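Q: Hi! Could you walk me through this one?

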Amino acid sequence: MKLYHSPASPFVRKVVVLLHELGKADQVELATVTTTALASDTSLIAANPLARLPALERPEGVTLYDSRVITAYLDDLFTGGLYPGGSHRWETLTLEATGDGIMDSAVSMVYELRLREPAQVSQAWIEAQWAKVERGIDALNTRWMSHLSGPVGMGHISVACALGYLDFRHESRNWRQGRPALAGWFDSFVERPSMVATQP
Ligand SMILES: N[C@@H](CCC(=O)N[C@@H](CS)C(=O)NCC(=O)O)C(=O)O
């Protein structure tokens with residue numbers, strides 16, 4: 001299998017962390033590409049018409065995207081158990097969506113600053129995206145700590161990759177301030193070998 005990859009992408013990181021957690025990192029070849037919303041990589045377009053990372057090419061069957069489809073597929077393929085059954089499943093999926101949504105807003109803030117001409121950049125839009133990030137991390141800090149303290153699932157991985165991206169691209173926003181429970185959880189989770197191996 002071939003994973004279209006960029007070390008800076010938090011969505012790609014989710015997939016690679018999952019592979020490390022399951023001890024299957026050697027089963028997937030990483031094809032590193034450079035792509036932006038304004039200049040899509042041509043090999044990535046062939047794999048994913050939306051030209052977004054990650055995409056997973058398989059020997060048989062369609063190429064998979066987006067990250068949530070890929071992680072669900074790999075967890076199923078390797079019987080990983082990162083998506084539990086029963087009512088925990090819906091919690092896990094919602095937690096994963098929260099992490100992914102934080103990434104969506106945090107990545108789009110970077111695009112706004114990097115891909116637009118300075119005169120076109122909307123500070124109001126950037127702040128509105130950051131407000132979404134803050135509401136997401138506030139919810140994690142107040143409502144999700146008991147789930148995050150439980151067995152590691154795909155929700156944990158998504159949240160950790162989102163917070164790692166905030167450290168990587170938005171350090172000056174100091175997301176830890178006023179969120180000691182979440183900060184403490186992350187500072188411990190980030191020491192897992194899967195997170196160390198995939199640090200951007
Ligand atoms: N919902 C998608 C989001 C993927 C995404 O936005 N990836 C970014 C990299 S972090 C990308 O490929 N951007 C290029 C573009 O938007 O053209 C997923 O979970 O895979």
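A: Happy to. A quick definition to start: helices (H or I, at least four residues) and strands (E, at least two) are DSSP runs, numbered from the N terminus. This is a predicted model, where local features need pLDDT of at least 70, side-chain atom pairs count only at pLDDT 80 or more, and totals for chains, interfaces and linings use all residues. Residues are numbered from 1 along each chain as its sequence is written, and side-chain values use heavy atoms, with hydrogens and water left out.

Q: Got it. In what order do the elements of the chain run from the N terminus on?

A: The order is β-α-β-α-β-α-α-α-α-α-α-α. In total there are nine helices and three strands.

Q: And what radius of gyration does the chain have?

A: The chain has 17 Å, which agrees with the value near 16 Å for a compact globule of 200 residues. The radius is taken over C-alpha atoms, and the globule rule is 2.2 Å times the number of residues to the power 0.38. Along the principal axes, the C-alpha atoms fill a box of roughly 45 × 45 × 30 Å.

Q: What share of the residues is buried?

A: Buried residues are 46% of the 200 in the chain. Buried means under 20% relative accessible area, exposed over 50%, and partly exposed in between (1.4 Å probe, protein chains only).

Q: Let's switch to helix 7. How many of its residues are buried?

A: In helix 7, 13 of the 16 residues are buried, so this helix is largely enclosed by the rest of the structure.

Q: And how far apart are its end C-alpha atoms?

A: They are 22 Å apart, in agreement with the 22 Å that residues 154–169 should span at 1.5 Å a residue. That expected span is 1.5 Å times one less than the number of residues in the helix.

Q: Now Met103: where is it found, and is it buried or exposed?

A: Met103 is in helix 4 (residues 87–115), and it is buried, with a relative accessible area of 0%.

Q: What is Met103 in contact with?

A: Contact here means heavy atoms within 4.5 Å. Leaving aside neighbours within four places in sequence, Met103 contacts Pro10, Phe11, Lys14, Ser158, Cys161 and Ala162. As for Leu163, its C-alpha is 8.4 Å from that of Met103, with the two positions 60 residues apart in sequence numbering.

Q: Last one: what about Ser194, buried or exposed?

A: Ser194 is buried, with a relative accessible area of 3%. This serine lies in helix 9 (residues 193–196) and touches Val17, His20 and Glu21, not counting residues up to four places away in sequence.
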